[in-house]
Amino acid sequence: MGQAVAITRSELSSAELRAAAVRSGDGRVACRLLAIALLLEGGSRGAASSACGIDRRTLRDWVHRYNADGIAGLNDRARSGRPPAL
């Protein structure tokens with residue numbers, strides 16, 4: 001089993017993260033916020049990742065980005081290459 005992921009930021013509660021998810025215009029960011037809220041509420045990494053349809057390792061990476069940059073860290077970063085057609 002994987003190691004626990006610690007959320008080191010404490011300025012927002014799980015309720016505030018859920019409210020930010022509702023206000024988010026990006027569904028993927030909203031899902032990431034909800035997963036982190038689940039972890040703050042004491043949920044397991046497996047439960048939080050399956051609730052959002054992502055791998056546990058991916059959730060760990062998002063937690064690290066949230067710890068480093070807050071909610072702004074959960075946005076997709078620019079990708080190189082050709083932009084999508086749609």
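Begin by selecting Leu 59, a residue that counts as buried because its relative accessibility is 1%, under the 20% limit used for that label. Leu 59 belongs to helix H4. The model on display is a predicted one.

**Around Leu 59**

Keep Leu 59 selected and display its surroundings. Apart from neighbours within four places in sequence, Leu 59 is in contact with Ala 35, Leu 39, Arg 45, Ala 48, Ser 49 and Ile 54. Two of these names, Ala 35 and Leu 39, will return among the buried residues of H2. For a sense of distance, add Ser 44 to the selection: Ser 44 and Leu 59 are 15 residues apart in sequence, and their C-alpha atoms are 11 Å apart in space.

**The whole protein**

Now zoom out and colour the protein by secondary structure. Four helices and zero strands appear, and the pattern read along the sequence is α-α-α-α. The C-alpha trace spans about 40 × 30 × 25 Å along the principal axes. The radius of gyration is 13 Å, which agrees with the value near 12 Å that a compact globule of 86 residues would have.

With contacts in view, consider those with a separation of 6 or more: 53% of them are accounted for by residues 24 or more positions apart. Buried residues make up 30% of the 86 residues.

Next, switch on the surface. The accessible surface comes to about 5,700 Å², and carbon and sulfur atoms hold 52% of it. Colouring by charge brings out 13 positive and 8 negative side chains, with the centres of the two sets 6 Å apart.

**Helix H4**

Return to H4 and select residues 56-69. The end C-alpha atoms of H4 are 20 Å apart, which agrees with the 20 Å expected for 14 residues at 1.5 Å a residue. Leu 59 is one of the buried residues of H4, together with Trp 62, Val 63, Arg 65, Tyr 66 and Asn 67. Among what covers these buried residues are H1, H2 and H3.

**Helix H2**

Select residues 27-40 for H2; this helix also has 14 residues, and its end-to-end C-alpha distance of 20 Å agrees with the expected span of 20 Å. Which residues of H2 are buried? They are Val 29, Ala 30, Arg 32, Leu 33, Ala 35, Ile 36, Ala 37 and Leu 39. When looking down the helix, it is useful to recall that an α-helix has 3.6 residues a turn, so residues three or four places apart point the same way.

To see what the buried residues of H2 pack against, display H1 (14-23), H3 (45-52) and H4 (56-69).

**Arg 32**

Within H2, select Arg 32. Is Arg 32 buried or exposed? Arg 32 counts as buried, since its relative accessibility is 10%. Not counting residues up to four places away in sequence, Arg 32 touches Trp 62, Leu 74, Asn 75 and Asp 76. Trp 62 has already appeared on this tour as a buried residue of H4.

**Gly 42**

The last stop is Gly 42, in the loop between H2 and H3. Gly 42 is exposed, because its relative accessible area is 62%, over the 50% limit for that label. Add Thr 8 to the selection to finish: Gly 42 and Thr 8 are 34 residues apart in sequence, while their C-alpha atoms are 14 Å apart in space.

Notes:
Residues numbered from 1 in each chain as written. Predicted model: local features only at pLDDT ≥ 70, side-chain atom pairs only at ≥ 80, totals over all residues. Heavy atoms only, no water. Helix = DSSP H or I, 4+ residues; strand = E, 2+ residues; numbered from the N terminus. Rg over C-alpha atoms; globule rule 2.2 N^0.38 Å. Buried < 20%, exposed > 50% of the residue type's maximum accessible area, 1.4 Å probe, protein only. Contact = heavy atoms within 4.5 Å. Areas by Shrake-Rupley, 256 points an atom, 1.4 Å probe, with all protein chains shown as cover. Lys, Arg positive; Asp, Glu negative; His and termini not counted. Charge placed at Lys NZ, Arg CZ, Asp CG, Glu CD. Expected span 1.5 Å × (residues − 1).
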